[in-house]
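Hi there,

I'm passing a structure over to you, along with some notes on what turned up in it. Have a look at it first, and then read on below.

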Amino acid sequence: MRVLRLGSRGTDVMEIQALLRKIGYDPRSIDGIFGEETRQSVIAFQRNNGLTPDGVIGPITHKALEPLLLGYDIYKIRSGDTLYQIARNYYTTVEKIVTANPTVNPYNLRIGQQIVVPFGIDVVATNIAYTYEIMERNIRGLRARYPFLEVGSAGRSVLGRELYYLKIGNGPNQVFYNGSHHSLEWITTPLLMKFIENFSKAYVQETNIRGYDVRTIWDKSTIYIMPMVNPDGVDLVLNGLQPDNPFYNELLKWNITGLPFSQVWNANIRGVDLNHNYDALWERYKVIAQQQGYGSPGPTRYPGKNPESEPETRAVADFTRNHNFRLVLAYHTQGEVIFWTFQNLEPPEARTIAELFSRVSGYRLGEAYGLGAYSGYKDWFIQQYRRPGFTIEAGLGKNPLPITQFDKIYNDNEELLLLASVV
Ligand SMILES: [Zn+2]
């Protein structure tokens, strides 16, 4: 990690600011700009942790912050330790420690044994620009405190980033949720990540969420979640075009809008719109797109040279082919609308399910038309399997939606995410 100091700017600064607030050193604004108030928060943190209070986040201070970013520490058992005492020292609970260490016997701690100690704070950040790096760290953090979570990769992006998926539940009814096909719509990634965190927490605590018994869902269903289908695009939108990007010159050429990538780029890093790269009336789409000026790589709507030409769409399609999904949700923004049809190929029950989703989310039902009606993931899923597939357009406003919408979006979609696994 780079050294952060007064004047530094970026998503990494934002992540630290959010952490400082979470652990009681509020820097006032979480804006990605390392100003005087952030410096004062860092100094206070350094003082309380026996570090040189210089207000700079160099390697040593970063090392002290890292476990907090991950949400857990590794602790080596010493003579006389009890989990109760360790939990107190870390401001956490014995239950959290026991969950994170399923093979450790609390009544027979061995000296020198290493255990995972989750902090009393939640892992998933919901108030910052949610980059691939942050997602990766959050996945590590969740996996450490909830070892029953299964994490895998369905493939790699053009630039080699992992296309992570997480699996919750262990039942025969398989469903699949994905987010961030479109770069500007990255808020759908923390939406799915937060759902995983809350679901896992409820599973451990044996509590209900919105009247849904999580243990019952766990036994009945398996929920596969791919929170970020387009990590290269999300990185471009959130961190800007970096000089070491292998498509640096091409991207400048492809972005004909004259506007910053952060405002316009929805495609993957090769300028292909991933949600128009599936084999569902793709040829027809291509002709219309060409007529409307989307015949070559660009920020949006270019469907690629052929269906599944991109490693991201290929990975999602392969992942789908390798499972037996009864239903899929593809999360996008915005419009507060649910799309549920494709060429009358959807099964009759799709309407009933869509109406239920509409009721629990407050979103209206829509039928896509024009360019929006072809070659998307849900289109392809409906066409191939004749099973219910949905595009959920979360939130309202102009993309990218501000992260301040997160709480409303989460609140509107939590029940839908639960219901989709049992409906
Ligand atoms: Zn979209």
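Let me begin with a question: in what order do the eight strands of the open sheet run? The order is 3-4-8-5-9-12-10-11, and the pairing is mixed. Please keep in mind that this is a predicted model.

At the edges of that sheet stand strand 3 (150-156) and strand 11 (364-366). Each has a single partner strand, so one side of each is left without a neighbour in the sheet. From one strand to the next, the twist averages 25 degrees.

One pairing to look up on your screen is that of strand 5 (residues 173-179) with strand 9 (residues 325-333). These two run in the parallel sense and are joined over six bridges. In this pair, G179 stands opposite Y331 in strand 9.

Now to a pair of helices. Helix 7 (residues 188-205) packs with helix 16 (residues 406-419) at an angle of about 55 degrees, and their axes are 10 Å apart. Because angles from 35 to 65 degrees fall outside the roughly parallel and roughly perpendicular ranges, helix 7 is oblique to helix 16. The crossing of helix 7 and helix 16 is right-handed.

Which residues meet there? Helix 7 brings P190, L191, K194 and F195, while helix 16 brings F406, I409, Y410, N413, E414 and L417. Sorted by character, the residues of this contact between helix 7 and helix 16 comprise seven nonpolar, one polar and two charged.

Happy exploring, and best wishes!

How values were computed:
Residues are numbered from 1 along each chain as its sequence is written. This is a predicted model: local features need pLDDT of at least 70, side-chain atom pairs count only at pLDDT 80 or more; totals for chains, interfaces and linings use all residues. Axes are lines fitted to C-alpha atoms, for helices over the stretch in contact, and angles run from 0 to 180 degrees between N-to-C directions. Helices (H or I, at least four residues) and strands (E, at least two) are DSSP runs, numbered from the N terminus. Angles under 35 degrees count as roughly parallel, over 145 as roughly antiparallel, 65 to 115 as roughly perpendicular and the rest as oblique. A crossing is left-handed if the near helix is turned anticlockwise from the far one by less than a right angle, and right-handed if clockwise. Two residues are in contact if their C-beta atoms, placed from the backbone, lie within 7 Å. Ala, Val, Leu, Ile, Met, Phe, Trp, Tyr, Cys and Pro count as nonpolar, Asp, Glu, Lys and Arg as charged, and the others, Gly among them, as polar. Two strands pair if DSSP finds at least two bridges between them.
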